[in-house]
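Let's take a friendly look at the charged side chains in this structure. The notes below follow the charges that pair up and those that gather.

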Amino acid sequence: MAAASASPDDADEPGMDTEAQDLQLSCGDAGESHASAAGKALEMDPLQEDSAISQASVSNGGDSETGKDLVELKIIWNKNKYDVKFLLDSTGADLKEKIHSLTGLPPTMQKVMFKGLLPEEKTLREIKVTNGAKIMVVGSTINDVLAVNTPKEAGQQEVKAEENKKEPLCRQKQHRKVLDKGKPEDVMPSVKGVQERLPTVPLSGMYNKTGGKVRLTFKLEQDQLWIGTKERTEKIPMGSIKNVVSEPIEGHEDYHMMAFQLGPTEASYYWVYWVPTQYVDAIKDTVLGKWQYF
């Protein structure tokens, strides 16, 4: 029986083998390309993972201040208390800005105290602020300041002008009788040409107008000045002190005579003699504050 002849449909068309080979090569190249891309993606995964971890760390650090030391403070102003966490390497000026956001007190009108007047240029770490430290704030809002009576201010300026015309205080008779006693043997040492913060102990060894011994204790937490003598201790709110005046003692310029004005006139001056000069500015700033008009 004769063999069946091949059908035209069964015969390979010219070029079919070539197209099949091209298709196989194309698929092979695509597979290799895809595998290569996948491999690169796998190689990038650790880097992307590290980047994601880094970003997450930065994000969390904004809240917890990772790597930075925080200190817990108790800020007290006008019978209000604020618990605050603050960067230990922030300056006193930075803390004043924070107090401004809490109380509305402009920084220039704040008297901030921690063991004396808080220095604006130093960091909290430098002045040895620790956890739980109490920061006392004294100051008036803008509205309080605007309520100050202008004629009263002008009158105070006139009083100062009159005082400038008078002879030096240390030559006046009422002071001479105390100064002629000489410098007390137990008076605190003085450092001329230097300004220091208030010491942590009372200022002692000084005389009052009667020639008796007197000591000054600055109770910053109560915002009080304690004037102590052998007989009694007067506790005076710093806000009630109208003015603080001082003058170097002739022949002993490293010491001052100082008066605290407790009432409306000079008759209310409480005089203290032989105040070490390095503490004079700190006393004035602590009692009156730099924001005061007088």
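Lys 122 is partly exposed, with a relative accessible area of 40%. In this predicted model, Lys 122 sits in the loop that runs between β3 and β4. Where does Lys 122 gather with Lys 115, Lys 128 and Arg 197? These four residues come together in a patch of positive charge on the surface. Lys 122 qualifies for a patch on accessibility because its 40% is above the cut-off of over 30% relative accessible area, and patch members also have no salt bridge.

Now for the charges that do have partners. Side chains of opposite charge can pair when their charged atoms come close. How many salt bridges does the count come to? The total is nine salt bridges, and three of the pairs are set out here.

| Salt bridge | N to O distance | Accessibility of one partner | Accessibility of the other |
|---|---|---|---|
| Arg 125 and Asp 69 | 2.9 Å | Arg 125: 36% | Asp 69: 41% |
| Glu 120 and Lys 96 | 2.8 Å | Glu 120: 39% | Lys 96: 9% |
| Glu 234 and Arg 232 | 3.7 Å | Glu 234: 28% | Arg 232: 53% |

Take Arg 125 and Asp 69, whose side chains meet at 2.9 Å, N to O. Arg 125 belongs to the loop between β3 (110-113) and β4 (133-139), while Asp 69 belongs to the loop between α1 (16-64) and β1 (70-77), so this salt bridge ties together parts that lie 56 residues apart in sequence. Arg 125 is partly exposed at 36% relative accessibility, and Asp 69 is partly exposed too, at 41%.

Next comes the salt bridge of Glu 120 with Lys 96, at 2.8 Å from N to O. Distant parts of the chain are linked by this pair: Glu 120 is in the loop between β3 and β4, and Lys 96 is in helix α2 (residues 92-103), 24 residues apart. Is Lys 96 buried or exposed? With a relative accessible area of 9%, Lys 96 is buried, because buried means under 20%. Its partner Glu 120 is partly exposed at 39%.

The side chains of Glu 234 and Arg 232 also form a salt bridge, at 3.7 Å. Here Glu 234 is partly exposed, with 28% relative accessible area, whereas Arg 232 is exposed, with 53%. Which residues are joined into one network by salt bridges that share partners? They are Asp 69, Asp 89 and Arg 125.

How values were computed:
Residues numbered from 1 in each chain as written. Predicted model: local features only at pLDDT ≥ 70, side-chain atom pairs only at ≥ 80, totals over all residues. Heavy atoms only, no water. Helix = DSSP H or I, 4+ residues; strand = E, 2+ residues; numbered from the N terminus. Buried < 20%, exposed > 50% of the residue type's maximum accessible area, 1.4 Å probe, protein only. Patch = residues over 30% accessible without salt bridge, like charges linked within 9 Å, V, L, I, M, F, W, Y side chains within 5 Å. Areas by Shrake-Rupley, 256 points an atom, 1.4 Å probe, with all protein chains shown as cover. Lys, Arg positive; Asp, Glu negative; His and termini not counted. Charge placed at Lys NZ, Arg CZ, Asp CG, Glu CD.
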